[in-house]
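User: I'd like to go through this one with you. Can we start with the cysteines?
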Amino acid sequence: MFRYRVYGLTIESDTHFPELSLLEKPTDAMPTDVRVRLRVPDASAPQISQMLKTTTKLDGSPWLVSARVGNGNGYLMRFVESADFVVDATGSQIVCWRIERSVSPETVRHLVLDHVFPMVLNRRGRDALHATAIVTPKGACAFFGPTGSGKSTLAASFFLAGFGALGDDCLPLLEQNGCIQVLPGYPGMRLGRDALDALSPGADATTPVSDFTSKLRALESPSAKNFPREAVRLSRIYQVVRASDGDPEVSRPAIEPIEPRAAFIELLSSSFLLDFADPDMLKRHFQLMEKVATTVPVRRLKVPNDLNALHAVREAVLADLS
């Protein structure tokens, strides 16, 4: 078995995750929070009791089907063309019972780390945003927005400029000592080749993310050296916005405030939620998002469609933070 620390949790896995750092000397004071079982040849097919949600690709075809299984004591996450995972009701175990033959090990690990684990956090009573964060002298700074908005690229540019990275795409939150804290994920970022070449020309320490994306895992070793191990206060959240149909292109970055009510809605739409039929979870999540929207400044960050503008975007963000 392999043991790791990620998203504030200690996990025990029957499969090695090279993306994570092994716990060299785990102690009894660090009990296992989540057990991951990817090699279960005799696992039986889960019996769906209630369909929850179907997430589709851009072409409208199904990508992820979520459902309750058994007598409400677990959840199925079916990645239609890749693999099926069952998460128990308390988020303490992940079991994979189906992997398509053509699916690579990198893809399975990506699904577990970046798609299943955010939902596990939700079942464990910890809420997470679909966001990327960096560490500044003023505290943690988070970027969220739709796929392709460039939040990972922007965070990577901050990292290469000397700022710490907290993780990519999954941002666990908790309220502690009257303020909102961010828990670290794991080192490295997922970047397209064009962004990687613009940020770090000649970078060759990359590995494929999965079979269904051209993105690469990058900056893993450098960011691992000083990767945060404890929670960091969240001081700012930026919604990254690029020009879209009907919206004018911007020639330089612009930052504008988002009032709390609108920020609350935007944060809800960027949250990882597994069971929308769970009233207790929804109440807890709504209360935390309301706290975030009213205590952490949320800004709209309009950025040019130009990788050469990253320096100007960083300067604009740092000026806003100060």
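Analyst: A disulfide is a pair of cysteine sulfur atoms within 2.5 Å. This is a predicted model, where local features need pLDDT of at least 70, side-chain atom pairs count only at pLDDT 80 or more, and totals for chains, interfaces and linings use all residues. Residues are numbered from 1 along each chain as its sequence is written, and side-chain values use heavy atoms, with hydrogens and water left out.

User: How many disulfides does the structure hold?
Analyst: Zero.

User: Why is C170 without a bond?
Analyst: Because the closest cysteine sulfur, in C141, is 17 Å from the sulfur of C170, too far for a bond. C179 is in no disulfide either; its nearest cysteine sulfur, that of C141, is 16 Å away.

User: Is C170 buried or exposed?
Analyst: Buried, at 3% relative accessible area. Buried means under 20%, exposed over 50%, partly exposed in between (1.4 Å probe, protein chains only).

User: New topic. Where is P187?
Analyst: P187 sits in the loop between β13 (179–182) and β14 (189–191). Strands are DSSP runs of E, at least two residues, numbered from the N terminus.

User: And what does P187 touch?
Analyst: Leaving out residues up to four places away in sequence, P187 touches E220, S223, A224 and F227. Contact means heavy atoms within 4.5 Å. The C-alpha atoms of P187 and A224 are 5.3 Å apart, though 37 residues separate them along the chain.

User: Buried or exposed, P187?
Analyst: P187 counts as buried, at 8% relative accessibility.

Methods
Helices (H or I, at least four residues) and strands (E, at least two) are DSSP runs, numbered from the N terminus.
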